[in-house]
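Here are my comments on the model you sent, set out point by point for checking beside the coordinates.

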Amino acid sequence: MSTTYDRTELISSISFTDIERDNGSFSEDKLVEAMDLFEQYGFIRLVNVFSHKRMANLNSHYRHRYRHLLQGTNKDDLRPLFTVDVEGPFNDETFYANPHIHSFVCNILGRKCILGAMSSVASYPGAPDQRLHRDTQAIFGDGPDDYTIDKNVPVYAMTVLIPLVDCTLETGCTKVWPKSHLTPNDSEALRIDSLDPEVFVGSALITNSKLLHRGGANLSDRLRPLLYMTYHRSWFRDFYGYEDRPPVNVTNFEYRKIPDNHKHMFSWTKNTYKYIRYKAMVKRLLPRFVKKQAGKIVRR
Ligand SMILES: O=C(O)CCC(=O)C(=O)O
């Protein structure tokens, strides 16, 4: 199948002015248009939903906090995935409940929707095309790839991709197969022409979890980190791919900082992932503790 570029201006994209961005306003007309495009195509690009100052702040926290994971990778696909902890600028309602993104998501998934994941994928220079996938397996199919029934089911999970560097054909766009969320399987979906929507820093790409997509190859000499959050209807959980890491990592200390009206988005993770969270914390802090103790012994 061929790939066409630059068609995104024509199809699924909604832009905000700096004033709309800063006061969080999403007019009824724009919201209806965005929902209509999303329903038809299975994805939408929301342009200019985070200011450059805000993105610079997220980017510097991310690069400092996860520097040990960004200095090299032993992953064959050169695309390490890791959970981004809910802390600092990530524990901020203007991030996880960004006025434009959150009102769009809530209009589709309902006001009780939860945060299913806060994570990151960083593709290294030279990373090849990612494997084709949809973000959730079929829940009513004969097998995980049989979407015959699921294609008719209302959206129950959405992914919001937020790039920390411009996603272009050079650094790697998230390649999408428009309308593939309405197809019963991947071979049908692959009959559709794919698209490479460029998404610049400050914008977000939102996909229906049933949309076929993949991260494009990173042809540049720069790391291309992407933050992603998934939002679910309140009853849906996705454990696939989270066997060794929590999809959302929020400590009790951080949880207490979350405004009451958003706590329900996080509360489901607290007991489910307690053991994995503690294990990850010990793994992170133990080397520092050992180093400190060793230092004391040497000084004595
Ligand atoms: O890297 C990208 O553009 C997409 C990443 C993605 O779809 C995933 O990791 O599930």
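The points below deal with a helix, a strand and its partners, and the ligand shell.

1. This is a predicted model, in which local features need pLDDT of at least 70 and side-chain atom pairs count only at pLDDT 80 or more, while totals for chains, interfaces and linings use all residues. Residues are numbered from 1 along each chain as its sequence is written.

2. In helix 2, A34, F38 and Y41 are buried, where buried means that 20 or more other C-beta atoms, placed from the backbone, lie within 10 Å of the residue's own, and exposed means 12 or fewer, with partly exposed in between. These buried residues cover an arc of only 90° around the axis, which puts them on the same side of helix 2; the arc is taken from the directions from the helix axis to the C-beta atoms. On the other side, E28, D29, V32 and D36 are exposed. Helices (H or I, at least four residues) and strands (E, at least two) are DSSP runs, numbered from the N terminus.

3. Helix 2 is followed by G42, whose phi is positive, near 85°.

4. In strand 11 (residues 224-232), 9 of 9 residues are buried, with R224, L226, Y228, T230 and H232 on one side and P225, L227, M229 and Y231 on the other.

5. Strand 11 runs antiparallel to strand 5, joined by 9 bridges, and M118 stands opposite M229. Strand 6 (residues 157-163) also pairs with strand 11 in the antiparallel sense, over 7 bridges; pairing requires that DSSP find at least two bridges.

6. The residues around the ligand, with C-beta atoms (placed from the backbone) within 6 Å of it, are L81, V121, S123, Q130, T174, H213, G215 and L226.
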